[in-house]
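Okay, thanks for having me, everyone. Let me put the structure up on the screen and then talk you through a few parts of it.

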Amino acid sequence: MQQNLFTADPAALDLPDADVRYYPEFIENGSALYASLLEEINWRQDTIQLYGKPVVIPRMNAWYGDENAHYGYSGIAMAPQCWTPSLLILKAQVEAFLQLNFNSVLANYYRDEHDSVAWHADDEPELGLQPVIASLSFGATRRFSLRRKSQSGSAPVHIELESGSLLVMAGNTQQFWHHQLAKSKSPVLGRINLTYRYVAEIKHGK
């Protein structure tokens, strides 16, 4: 049986084989930070190979971290850019709260309701067996969903991620659960998501 990383908290989600916590008002001045991050981060839009064809992913992203914190997913190799002032300040706040260290962050910019990320788990080998993913949200509220990997067709669990919120996934979450941010049927403004991580096994791409 896994041990929870966190102490008892009313924001904990009751999910089997998972340790997921949600703190809706973790960061103040979310709107101001959204504007700063939008300008400060060097955004790019990557292309992946899907069934042998190039597909542009429906969001902008960027990878920042310590010098050796190389990362990759879906065939995309990401070398770390140097930390920006805002990313370092936010990292320090998350680290102090969780009493953990992070050496990298994946930033995603969802420009409108058409941008999304499909079902997946953050289970790349370089993140370790039980990674802690600390996810900060700024801008528009978007629905974040989780579903059990082994129960095909089961109803997903939804969380409305608000600006300034912190979502933490730890323990066996990535081993047993997928998560996604689906496209929205209603118009929605931009959202920036920062997922702080620790690259445990240094790799240069995949």
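I'll go through a sheet, then a pair of helices, then some aromatic rings. Before that, please keep in mind that this is a predicted model.

So, the sheet. A quick reminder for anyone who needs it: strands of a sheet pair through backbone hydrogen bonds, either parallel or antiparallel. Here we have an open sheet of four strands, the pairing is antiparallel, and the order reads β8-β13-β10-β11. Which strands stand at the edges? Those are β8, residues 117-120, and β11, residues 157-161. Each of them has a single partner strand, so one side of each is left without a neighbour in the sheet. On average, neighbouring strands here are turned by 15° against each other, if you ignore direction.

Let's zoom in on one pairing. Strand β10, which covers residues 142-148, runs antiparallel to β11, and five bridges join the two. If you'd like a spot to click on, take S145: its bridge partner in β11 is H158.

Okay, on to the helices. Helix α1 is residues 30-40 and helix α2 is residues 85-98; their axes are 9 Å apart and they pack at an angle of about 130°. That angle makes α1 oblique to α2. Who actually meets whom? From α1 you get L33, S36, L37 and E40, and from α2 it's P85, S86, L87 and L90. Sort the residues of that contact by class and you find five nonpolar, two polar and one charged.

Last part: the rings. The count comes to six aromatic pairs. One of them is W83 with Y196, a stacked pair with 6.4 Å centre to centre and 10° between the planes. W83 sits in the loop between β6 and α2, while Y196 is in strand β14, residues 191-197, so this pair ties together parts that are 113 residues apart in sequence. Are these two buried or exposed? W83 is buried, with a relative accessible area of 17%, and Y196 is buried too, at 0%.

Y196 also pairs with F102: the ring centres are 6.4 Å apart and the planes are at 55°, so that pair is tilted. Again distant parts of the chain are linked, since F102 is in the loop between α2 and β7, and the two residues are 94 apart. F102 is buried, just like Y196.

And one more for the road: ring pairs link Y23, F26 and F97 into a cluster.

That's my tour, thanks!

Conventions:
Residues are numbered from 1 along each chain as its sequence is written. This is a predicted model: local features need pLDDT of at least 70, side-chain atom pairs count only at pLDDT 80 or more; totals for chains, interfaces and linings use all residues. Side-chain values use heavy atoms; hydrogens and water are left out. Two strands pair if DSSP finds at least two bridges between them. Axes are lines fitted to C-alpha atoms, for helices over the stretch in contact, and angles run from 0 to 180 degrees between N-to-C directions. Angles under 35 degrees count as roughly parallel, over 145 as roughly antiparallel, 65 to 115 as roughly perpendicular and the rest as oblique. Contact means heavy atoms within 4.5 Å. Ala, Val, Leu, Ile, Met, Phe, Trp, Tyr, Cys and Pro count as nonpolar, Asp, Glu, Lys and Arg as charged, and the others, Gly among them, as polar. Rings of Phe, Tyr and Trp (its six-membered ring) pair if their centres lie within 6.5 Å; planes under 30 degrees apart count as stacked, over 60 as edge-to-face and the rest as tilted. Buried means under 20% relative accessible area, exposed over 50%, partly exposed in between (1.4 Å probe, protein chains only).
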